[in-house]
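Colleague: Before I rely on the terms used for this entry, I should like each one justified. Please show the structure and then set the values against the definitions.

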Amino acid sequence: MEALKRIAPRSFLSVFKDYLSNIYIIIVMSKQVFIFDTTLRDGEQVPGCQLNTAEKIQVAKALEELGVDIIEAGFPISSPGDFQSVVEISKAVSRPVVCALSRAKEEDIDAAGQALKYAKRKRIHTGIGSSDIHIQHKLKTTREKVLEMSAAAVKHARKYVDDVEFYAEDAGRADLEFLARMVETVIAAGATVVNVPDTTGYTLPWQFGERIRYIMNNVPNVDKAMISVHCHNDLGLATANSIAGLHNGARQVEVTINGIGERAGNTSLEEVAMIIKSHPSLEMFTNINTERIYAVSRLVERLMNMPVQPNKAIVGKNAFAHSSGIHQDGFLKHRENYEIIDPKDVGVPSSEIILTARSGRHALRHRLERLGYMFGKDELDEIYKRFLLMADERKQIEDQDLLELIGVKEAANA
Ligand code: KIV
Ligand code: ZN
């Protein structure tokens with residue numbers, strides 16, 4: 001009787017109530033994740049990726065259309081060209097906040113403040129090393145001195161802008177109690193956002209998540225600022241670490257298009273945006289217009305001369321290509337058998353069936369039908385045998401090869 005109760009169908013009203021409460025949870029509980037794009041700063045500093053001002057404006061406008069919330073436009077003190085690019089980007093975009101990077105030095109902050117003069121919404125991003133490795137071997141100073149310099153930098157930046165982000169460089173390897181003191185100090189000095197970067201890409205996702213949780217629970221004034229995560233990909237964990245940070249209380253994530261950036265790169269925008277969109281249980285949303293992702297990815301690939309690896313998640317050439325017979329058969333029966341994202345959601349026109357010697361009859365028939373040729377079972381079996389021989393030899397079979405295989409002369413000679 002107990003078992004019967006458990007499997008008894010639920011009334012329409014009870015299913016409908018659950019449905020409404022799920023929608024309520026998604027709308028009321030969902031938190032906005034702010035997307036801070038640093039393609040034009042952390043991405044652009046990669047050897048060979050340098051852009052001129054006109055190209056940077058093109059990328060900045062594409063990022064604005066994509067829906068990013070903050071554009072890190074450059075590091076103005078680094079060169080006259082970078083300074084000018086921040087000036088021009090500030091004039092060219094209006095919705096996103098334009099951000100300029102500086103070290104915790106007055107002359108850097110002055111350059112950032114001046115370069116942002118025309119920005120409608122502006123932010124200075126200043127900071128200093130927080131790990132003992134950086135404090136001893138790079139800055140050659142003490143923890144106390146670093147805290148003083150941090151507070152002074154934030155206060156100086158506040159003379160130019162109301163929105164100041166502070167980065168605690170190498171926070172992934174910093175002593176956690178000291179890191180918490182640093183976060184408290186800069187918030188007290190006027191920082192509106194505190195960036196906790198895993199500069200060397202060292203942490204594991206649960207360790208990075210715990211770092212963020214520790215800050216959320218142990219910094220008394222943490223509610224006066226937003227916590228941001230900025231992860232590098234040295235161990236291939238940038239995206240996982242960023243999601244762990246968001247899951248533990250960070251509200252801003254720093255990303256680049258195609259994951260480009262220093263060394264092995266930064267967290268990729270497209271991965272974070274699609275993880276958040278694909279997993280409602282995270283109870284987060286972004287402003288990203290995901291249908292623009294593929295176009296912006298291609299623009300950055302072309303302008304920065306930095307090819308996207310074919311197996312890159314979301315935007316790689318093979319991200320929606322199916323090549324084994326088992327997968328092709330399942331995909332052709334029902335797309336969701338082998339795809340968790342509809343390619344159209346990220347602006348990719350369609351999935352692809354790649355014909356190789358690993359493909360089956362179902363995929364071959366599908367491609368032949370797309371070319372306008374239908375065959376009965378016996379005829380298809382015969383063509384399939386010849387197809388396998390050709391595929392072993394040519395590796396990948398294109399439409400042209402298929403026409404040759406079935407003896408369509410004009411196309412074969414074309
Ligand atoms: O990786 C890093 O720590 C940085 C900072 C300048 C934010 O890029
Ligand atoms: Zn970085």
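Modeller: A residue is termed buried when its relative accessible area is under 20%, exposed when it is over 50%, and partly exposed in between, with a 1.4 Å probe and protein chains only. This is a predicted model, in which local features need pLDDT of at least 70 and side-chain atom pairs count only at pLDDT 80 or more, while totals for chains, interfaces and linings use all residues. Residues are numbered from 1 along each chain as its sequence is written, chains are lettered from A and ligands numbered from 1 in the order in which they are written, and side-chain values use heavy atoms, without hydrogens and water.

Colleague: Why is Asp 42 called buried?

Modeller: Its relative accessible area is 3%; the limit is under 20%, so Asp 42 is buried. His 232 has 4% relative accessibility and is likewise counted as buried.

Colleague: What makes Asp 42, His 230 and His 232 donors of the zinc ion (ligand 2)?

Modeller: Donors are N, O and S atoms within 2.8 Å of the metal (3.2 Å for Na, K and Ca); water is not among the atoms, so sites may look incomplete. The OD of Asp 42 and the NE2 atoms of His 230 and His 232 lie 2.0 to 2.2 Å from the zinc ion, so they satisfy the zinc limit. Their spacing in sequence is D-x187-H-x1-H. Asp 42 belongs to helix H3 (residues 39–43) and His 232 to the loop between strand S8 (226–231) and helix H11 (238–247), so the pair ties together parts 190 residues apart in sequence. Helices (H or I, at least four residues) and strands (E, at least two) are DSSP runs, numbered from the N terminus.

Colleague: Why is strand S7 described as largely enclosed?

Modeller: Six of the six residues of S7 (residues 193–198) are buried, so the rest of the structure largely encloses the strand. Val 193, Asn 195 and Pro 197 point one way, and Val 194, Val 196 and Asp 198 the other.

Colleague: How do you know that strand S6 (residues 164–169) pairs with S7?

Modeller: Pairing requires that DSSP find at least two bridges between the strands. Three bridges join S6 to S7, and the strands run parallel, so the criterion is met. Tyr 167 stands opposite Asn 195 in S7.

Colleague: What makes H11 largely enclosed?

Modeller: Eight of the 10 residues of H11 are buried, so the rest of the structure largely encloses this helix. Its cover includes S7, S8 and helix H10 (205–218).

Methods: Contact means heavy atoms within 4.5 Å.
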